[in-house]
Amino acid sequence: MEKNKLIEINNLRQYFPVKKESIFQKEQLFVKANDGITITIHEGETYGLVGESGCGKSTLGRVLLQLYEQTRGETVYFGRTVYEYQPKYYKRDLANLAKSFENVKKLKDKVNLDDPNHTSSDAYESAIDHLQRLCGGLYFSPNHSEVSSILLEEYNAGCKVANLKKANASESEISAAEGAHDEIIKKIEKMKDAYRSEKDFDKVDAKWEHGIELPKLTNEEMRVLREDLQIIFQDPYSSLNPRLTVGQIISEPLVGQNKFKKGSQELEDYIIEVMKKCGLEAYFIHRYPHQFSGGQRQRIGIARALALNPKFIVCDEAVSALDVSIQSQVLNLLQELKEKQNLTYLFISHDLSVVKYISDRIGVMYLGNMVESAKSEDIFRNPLHPYTEALLNAIPTTDVNNKELQILEGDIPSPVNPPKGCKFHTRCKYATDKCKTERPQWVEIEPEHFVACHLRGLTSENK
């Protein structure tokens with residue numbers, strides 16, 4: 001059974017500018033926290049993200065939620081369709097397709113493959129990806145005005161269906177609107193027949209999924225969408241306002257999203273219900289954060305994230321500051337809530353044992369790049385990247401007959417001036433000359449098992 005995508009990111013970059021040392025310094029340097037990341041997170045799964053401190057894990061989580069304005073790349077959310085959400089950019093860009101195609105031609109002429117910051121090439125690729133998401137297979141049509149007209153007609157018809165459903169219109173009205181929408185889609189599919197022989201047609205047409213491109217939303221549109229996208233912060237001591245009671249902390253997002261009226265009995269009853277789900281007693285509602293233990297504070301953070309019934313939650317080192325016994329309680333709580341409410345998690349941690357327990361799939365990050373991604377059992381059974389292998393060999397064990405820990409030696413290179421080629425080659429015992437000069441591609445070696453390594457075809461015996 002094919003899983004539904006919830007979030008898809010492609011070639012995502014998050015660069016932070018470094019202050020120039022003097023007025024004579026011409027080149028602007030950047031901390032490359034996320035440097036070309038491509039992953040997909042599916043509905044109802046827990047995607048674990050591991051790596052050493054400073055590799056960009058927390059930054060990635062915050063970029064996905066647009067807490068940081070991403071430098072470049074695509075972040076697409078499929079929890080709602082553009083018909084349901086109706087973002088301003090979608091209709092505007094459909095109306096201006098001809099101009100967008102002209103801009104793509106100009107961007108292509110400016111591409112500089114030698115630019116270490118990939119500025120021009122990323123802008124060109126992002127523009128193409130956006131057009132393909134708007135047009136699907138009609139991207140290959142030379143008649144941009146015709147494409148714009150038919151796609152606008154289809155979008156308006158889809159929005160009409162969504163609006164009628166939202167207004168609880170009669171079944172006959174909804175059925176008639178859906179029929180009109182289907183007729184337009186059939187017309188579009190017929191138009192596509194002229195281009196099905198084009199190279200990569202199927203790949204391009206598959207992008208016509210009507211997901212929401214998060215970086216293109218206005219601040220107000222993103223604020224409203226935060227109902228679906230929440231975060232549990234790493235430090236339960238600093239992420240809660242010490243001047244607010246537990247009830248006030250949990251009520252803030254509910255009142256801000258106009259779900260309840262401030263001070264109402266309905267709001268208080270709902271807060272108590274959410275607290276009970278998270279293992280907090282009702283009488284805690286009037287207490288302040290300093291009156292709780294670390295585990296209880298983290299439960300308050302979880303309750304605040306769950307209050308709006310989100311679809312996706314970033315768990316940023318959610319248990320790293322807790323005692324082992326409290327960690328297990330919080331992890332079990334997260335698992336229970338996931339099953340009951342069909343939640344999707346991005347679980348960020350440096351503890352592989354914790355990630356193995358809670359995750360369906362695991363991604364391994366090193367110095368701003370994804371180096372491996374696979375099902376949880378595959379990562380531990382058959383690690384394909386030397387960095388993943390090194391992390392697994394460094395896990396402490398109570399087995400007295402086990403081999404000695406293999407500590408990964410060397411320091412992480414600077415994210416401002418990372419090594420050329422594979423960034424891990426300075427610490428990799430298998431590194432070759434190719435690793436020092438050529439950056440490895442992100443490829444699928446086995447079903448759902450991706451890796452970026454020149455040595456991916458080698459077995460443990462011939463390494």
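Strands in this predicted model are DSSP runs of E with at least two residues, numbered from the N terminus, and on that basis Gln14 belongs to strand β1, which covers residues 5-17.

**Figure 1. Gln14 and its surroundings in strand β1.** The close-up is centred on Gln14, which has a relative accessible area of 3% and is therefore buried. Leaving aside residues up to four places away in sequence, Gln14 touches Val31, Lys32, Ala33 and Asn34, together with Thr59, Val63, Tyr68, Glu69, Gln70 and Thr71.

**Figure 2. Met365 and its contacts in strand β9.** Met365 lies in the strand formed by residues 361-366, and with a relative accessible area of 0% this residue is buried. Its contacts, not counting residues up to four places away in sequence, include Asn34, Ile37, Leu49, Val50 and Gly51, as well as Cys55, Gly56, Lys57 and Leu60; Met370 and Tyr387 are also among them. Gly56 is separated from Met365 by 309 residues in sequence, yet the C-alpha atoms of the two residues are 7.5 Å apart in space.

**Figure 3. The second largest pocket and its lining.** This pocket holds about 440 Å³ of space and is lined by 21 residues, with Asp93, Ser126, Ala127, His130 and Lys216 lying nearest its centre. Strand β4 (72-77) and the helices α3 (88-95), α4 (97-109) and α5 (119-135) each contribute at least two residues to the lining. By residue class, the lining of the second largest pocket is made up of 6 nonpolar, 8 polar and 7 charged residues.

**Figure 4. Packing of helix α10.** Within helix α10, which spans residues 246-256, the buried residues are Val246, Gly247, Ile249, Ile250, Ser251, Pro253 and Leu254. These buried residues of α10 pack against two other elements, α11 (265-277) and α12 (294-306). Just after α10, Asn258 adopts a positive phi of about 60°.

**Figure 5. The salt bridge between Asp35 and Lys423.** The search of the whole structure finds 29 salt bridges, and in this one the side chains of Asp35 and Lys423 meet with an N to O distance of 2.9 Å. Because Asp35 lies in strand β2 (residues 30-42) and Lys423 in the loop between α16 (386-393) and α17 (433-437), the pair ties together parts that are 388 residues apart in sequence. Both Asp35 and Lys423 are buried.

**Figure 6. The salt bridge between Glu336 and Lys340 in helix α13.** The closest N and O atoms of Glu336 and Lys340 are 2.9 Å apart, and both residues lie in the helix made of residues 324-341, where they are 4 residues apart, about one turn of the helix. An α-helix has 3.6 residues a turn, so residues three or four places apart point the same way. Glu336 has a relative accessibility of 37% and therefore counts as partly exposed, whereas Lys340, at 63%, counts as exposed.

**Figure 7. The Arg196 and Asp193 pair, and a network of salt bridges.** The side chains of Arg196 and Asp193 meet in a salt bridge with an N to O distance of 2.7 Å. Arg196 is partly exposed, with a relative accessible area of 37%, and Asp193, with a relative accessibility of 47%, also counts as partly exposed. In a further view, salt bridges link Lys5, Glu8, Asp129, Arg133, Lys207 and Glu209 in a network.

Definitions and conventions: Residues are numbered from 1 along each chain as its sequence is written. This is a predicted model: local features need pLDDT of at least 70, side-chain atom pairs count only at pLDDT 80 or more; totals for chains, interfaces and linings use all residues. Side-chain values use heavy atoms; hydrogens and water are left out. Buried means under 20% relative accessible area, exposed over 50%, partly exposed in between (1.4 Å probe, protein chains only). Contact means heavy atoms within 4.5 Å. On a 1 Å grid over the protein atoms alone, a cavity is a set of points where a 1.4 Å probe fits but cannot get out, and a pocket is an open set with protein on both sides within 12 Å along at least five of seven lines; lining residues have an atom within 4 Å of a point. Grid points are joined across faces, edges and corners, and a volume is the space filled by probe spheres set on the points. Ala, Val, Leu, Ile, Met, Phe, Trp, Tyr, Cys and Pro count as nonpolar, Asp, Glu, Lys and Arg as charged, and the others, Gly among them, as polar. A salt bridge is a side-chain nitrogen of Lys or Arg within 4 Å of a carboxyl oxygen of Asp or Glu.
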